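Colleague: Please show me the model, and then let us go through its salt bridges.

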Amino acid sequence: MPPPRTRETALRHRLAELRGPDVPAKALDARALAALAANPGCERRAILDGAGVNKTVLASALGAPSAFGQSQFALTRGNAFEARVKSDGGAELLRLVHEKLDRAAEPPSHAQMPELTAIGPEGRTARTALALREATEAGGWTLLDHPMLALDVAGSPAFLEPDAVVVHPDGSWTVVEIKSFPMLDGSADPAKVGAAARQSAVYVLALEELAARMDPVPRVRHHVLLVCPKDFSNLATASAVDIRKQRAVTARQLARLTRLQDIADALPEGVCFAPELPAEELTAAVEAVPATYAPECLSACELAFHCRERSRTAGAVTSLGRSVRAELGGLSTVEDVLAAARGEAGDPDDPAVAALRRAAELRAEALGSRQGAACH
């Protein structure tokens, strides 16, 4: 007799059905998990990522191919910059960690750089855990180049590969994120820094899971080191980034993924996201899951073009941005907003409706003044 199916096993079976019986699961990476935290209210993204659906392939099958991702030139430039930063045993990288995060410690003149190669992600994860344990006990500077970490996501491990993890002489751990966008006069593009912070928060959560299994428990620092080119040169500069807020948001969103069963149970029977399905059937399956589109999705989600088109067709105010949506209260469509502004609908006591009507009055006065001035 087969063993009884647990709720976790039933969920994995259900997610496999949604993905398609012959479609391999796309493993979650740090970018995908960070993007979940960037738009925590989107059930569509949650169920597609939880089911391991390849959203790039799905977007192409829907007729809205994604432009999301880095160009080959940017990848090549980023790899070259990272190799330069880590050259000479990571001396420059460790100097930046010491300067920005741990000035009280001895300068990292003789750092260890353990070998982390192993067979398969599970083997690399085990080798990384052993290296971190040994480095913590050794009490010196250690640089782990591209370690492999595992993070539990809805009962399944997601394997993650940060650019580097540094072990300090006091046994604490720091995540290092190396990016190819420039840092001009000590600051970088806030949107890109925010994305890097969310991605680093995923690595911090994975390190915390690993640290919790050790005795004593090492401290995982909540300030990560962001390393970028200085101005437009090949020289490296760095900034300490506080990721406590991003870590908290990401942890909440990952906990929300354990409720994927509720999202799946609300879907109609027979829904499937297999890309070989007819376009009409596939579109209906995707539309069966509520989405929360915002312009920020264009830089974080492969389905953004599809969701933007649907949002515009429906006249949803979310297509104007989250800040605009927040100001409009219960007015959810552009048609509702225009009707409220014209005084044709809406509660006059609603602050959003009152503000819209006042704005319409001011606009009418301004246009009237301009027309009057033109006549004279």
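Colleague: Which residue does Arg-358 meet in a salt bridge, at 3.5 Å from N to O?
Modeller: This is a predicted model, where local features need pLDDT of at least 70, side-chain atom pairs count only at pLDDT 80 or more, and totals for chains, interfaces and linings use all residues. Residues are numbered from 1 along each chain as its sequence is written, and side-chain values use heavy atoms, leaving out hydrogens and water. A salt bridge here is a side-chain nitrogen of Lys or Arg within 4 Å of a carboxyl oxygen of Asp or Glu. In helix H14 (residues 351-375; helices are DSSP runs of H or I, at least four residues, and strands runs of E, at least two, numbered from the N terminus), 3 residues from Arg-358, about one turn, the partner is Glu-361.

Colleague: Is Lys-55 buried or exposed?
Modeller: Lys-55 forms a salt bridge with Asp-49, with the closest N and O atoms 2.5 Å apart. Buried means under 20% relative accessible area, exposed over 50%, and partly exposed in between (1.4 Å probe, protein chains only). At a relative accessible area of 5%, Lys-55 is buried.

Colleague: How many residues apart in sequence are the parts that Asp-170 and Arg-221 tie together?
Modeller: The closest N and O atoms of this salt bridge, Asp-170 with Arg-221, are 3.4 Å apart. Asp-170 lies in the loop between strands E4 (164-167) and E5 (173-178), and Arg-221 in the loop between helix H7 (190-211) and strand E6 (223-229), so the separation is 51 residues.

Colleague: How many salt bridges does the rule give?
Modeller: Side chains of opposite charge can pair when their charged atoms come close. By the rule above, the count is 19.
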